[in-house]
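Please look through the model shown here and work through the questions that follow it. They go from single strands to the sheet, the helices and the ligand.

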Amino acid sequence: MAEQIRQSQKMESVGVLAGGIAHDFNNLLTGMMGFVTLAQMKLAEDDDVQPFLEQVMSAAEKAASLTQGLLAFSRKQVNHPEPVNLNQVVENVRKLLSRLVTNKIRMNFELCDATLPVVADSSQIDQLFTNLANNARDAMPEGGTLTISTGSMDITEEWVYEHGFGVIGSYAVITVTDTGVGMDEVTKSHVLEPFFTTKEVGKGSGLGLAIVYGIVKQHDGYLVIDSKPGEGTTFKILLPLIGGIPAGIDVGDQPAAL
Ligand code: ADP
């Protein structure tokens, strides 16, 4: 538990640092992209230099997408929490996710019938699903099944005892399961660290899950990861149901359960 809190504080300070750098870097990139566009316009369309400028532009665009990731990680995004039905949010993200995965991957949506009222920022939940679906796709290069399901559960005294943390109450649950390569214990213990990646250079920034974790924490929720090499991975996200936590309870720090 102490280790998880230390980890969470470490991520907090890396976040502040990364956010500051990302913000300044973003301004530099905007200027750079502006001047490249200007140069492209000044030159004739068939000028020999045009392909070089295109290369510069495409590198700058990649850098901009990395800084966006950093900004999202440092939680400098605007946060608009509002009461929503979580099932509706998942329903709305269905199309976006189908476009992310390859056609070798079968997608299953198993949404429960009940309404799941939670306070959430829909665009952050979209981001959370995007990051998890991207990882699921990368974990299933030969294809497989990605299942997204919703439901609800109570955090009980036994649950708190088993996991070492948690506030007793009722939660909406999102489960994202893939049948991909899975993770060994060592990998699993590092996945929430910013910049930790096992992907080849240029493919992974190591920020995806750190962002997911940040979003879950911002929603006073919990993240539980279950994974076995060769068998696949399940991410379970618990978000407090509106009225599900007895009044006056301080939710405190929200570590992840790995
Ligand atoms: P990135 O995707 O850029 O590497 P993430 O923070 O999203 O960064 O993920 C960190 C690492 O966690 C990945 O490089 C991979 O090793 C592991 N990982 C994440 N999701 C999965 C998954 N669904 N299956 C197997 N490994 C995963």
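## Questions on a predicted model

Q: Which residues of strand β3 (residues 117-120) lie on its covered face, and which on its uncovered one?
A: This is a predicted model, and in it strand β3 has two faces that are set apart by how they are covered. Pro117 and Val119 form the uncovered face of β3, while the covered face is made up of Val118 and Ala120.

Q: In β3, which residue is the bridge partner of Glu82?
A: Strand β1 (residues 82-85) pairs with β3 in the antiparallel sense, and four bridges hold the pairing. Within β3, the bridge partner of Glu82 is Ala120, a residue that also belongs to the covered face of that strand.

Q: How many helices and how many strands does the protein chain have?
A: Read along the sequence, the elements of the protein chain follow the pattern α-α-β-α-β-β-α-β-α-β-α-α-β-β. The totals for the protein chain are seven helices and seven strands.

Q: In what order do the five strands of the open sheet stand?
A: Five strands form an open sheet, and their pairing is mixed. β2 (105-110) and β6 (222-228) stand at the edges with a single partner strand each, so one side of each is left without a neighbour in the sheet. Direction ignored, neighbouring strands of this sheet are turned against each other by 20° on average. The order of the strands is β2-β4-β5-β7-β6.

Q: Which residue in β4 stands opposite Met107?
A: β2 and β4 run parallel and are joined by six bridges. Asn108 stands opposite Thr147 in β4, whereas the residue in β4 that stands opposite Met107 is Leu146.

Q: How many bridges join β4 to β5, and do these strands run parallel or antiparallel?
A: One of the residue pairs to look for here is Ile148 with its bridge partner in β5, Val176. The bridges that join β4 to β5 number 10, and the two strands run antiparallel.

Q: Is Thr156 buried or exposed?
A: Thr156 is found in the loop between β4 (144-155) and α5 (157-163). Around Thr156 there are 12 other C-beta atoms within 10 Å, and a residue counts as exposed if that number is 12 or fewer. Thr156 is therefore exposed.

Q: What separates the C-alpha atoms of Thr156 and Asn27?
A: Along the chain, Thr156 and Asn27 are 129 residues apart. In space, their C-alpha atoms are separated by 48 Å.

Q: At what angle does α3 run to β4?
A: Helix α3 lies across several strands, namely β2, β4, β5 (169-178) and β7 (232-240). Its direction relative to β4 is given by an angle of about 165°.

Q: At what angle do helix α3 (residues 86-100) and α4 pack?
A: Val89, Val93, Leu96, Leu97 and Leu100 in α3 meet residues in α4, including Ile125, Phe129 and Ala133. By class, this contact has eight nonpolar, three polar and two charged residues. α3 passes α4 in a right-handed crossing, with the axes 10 Å apart and an angle of about 35°.

Q: How many charged residues does the contact of α4 with α7 have?
A: The axes of α4 and α7 come within 9 Å and cross at roughly 145°, and α4 passes α7 in a left-handed crossing. Among the residues that meet are Leu128, Leu132 and Asn135 in α4, with Gly208, Ile211 and Ile215 among those in α7. By class, the contact has six nonpolar and six polar residues, and the number of charged residues is none.

Q: Which element gives the largest share of the shell around the ligand?
A: Of the 23 residues around the ligand, Asn135, Ala139, Thr197, Gly204 and Gly208 come nearest. The elements that give two or more residues to this shell are α4 (122-139) and α7 (208-218). By class, the shell has nine nonpolar, 12 polar and two charged residues. The largest share, four residues, comes from α4.

Q: What percentage of the 258 residues of the protein chain count as buried?
A: A residue counts as buried if 20 or more other C-beta atoms lie within 10 Å of its own. Of the 258 residues of the protein chain, the share that count as buried is 29%.

Terms used. Residues are numbered from 1 along each chain as its sequence is written. This is a predicted model: local features need pLDDT of at least 70, side-chain atom pairs count only at pLDDT 80 or more; totals for chains, interfaces and linings use all residues. A residue is near a molecule or strand if its C-beta atom, placed from the backbone, lies within 6 Å of it. Ala, Val, Leu, Ile, Met, Phe, Trp, Tyr, Cys and Pro count as nonpolar, Asp, Glu, Lys and Arg as charged, and the others, Gly among them, as polar. Axes are lines fitted to C-alpha atoms, for helices over the stretch in contact, and angles run from 0 to 180 degrees between N-to-C directions. A crossing is left-handed if the near helix is turned anticlockwise from the far one by less than a right angle, and right-handed if clockwise. Two residues are in contact if their C-beta atoms, placed from the backbone, lie within 7 Å. Two strands pair if DSSP finds at least two bridges between them.
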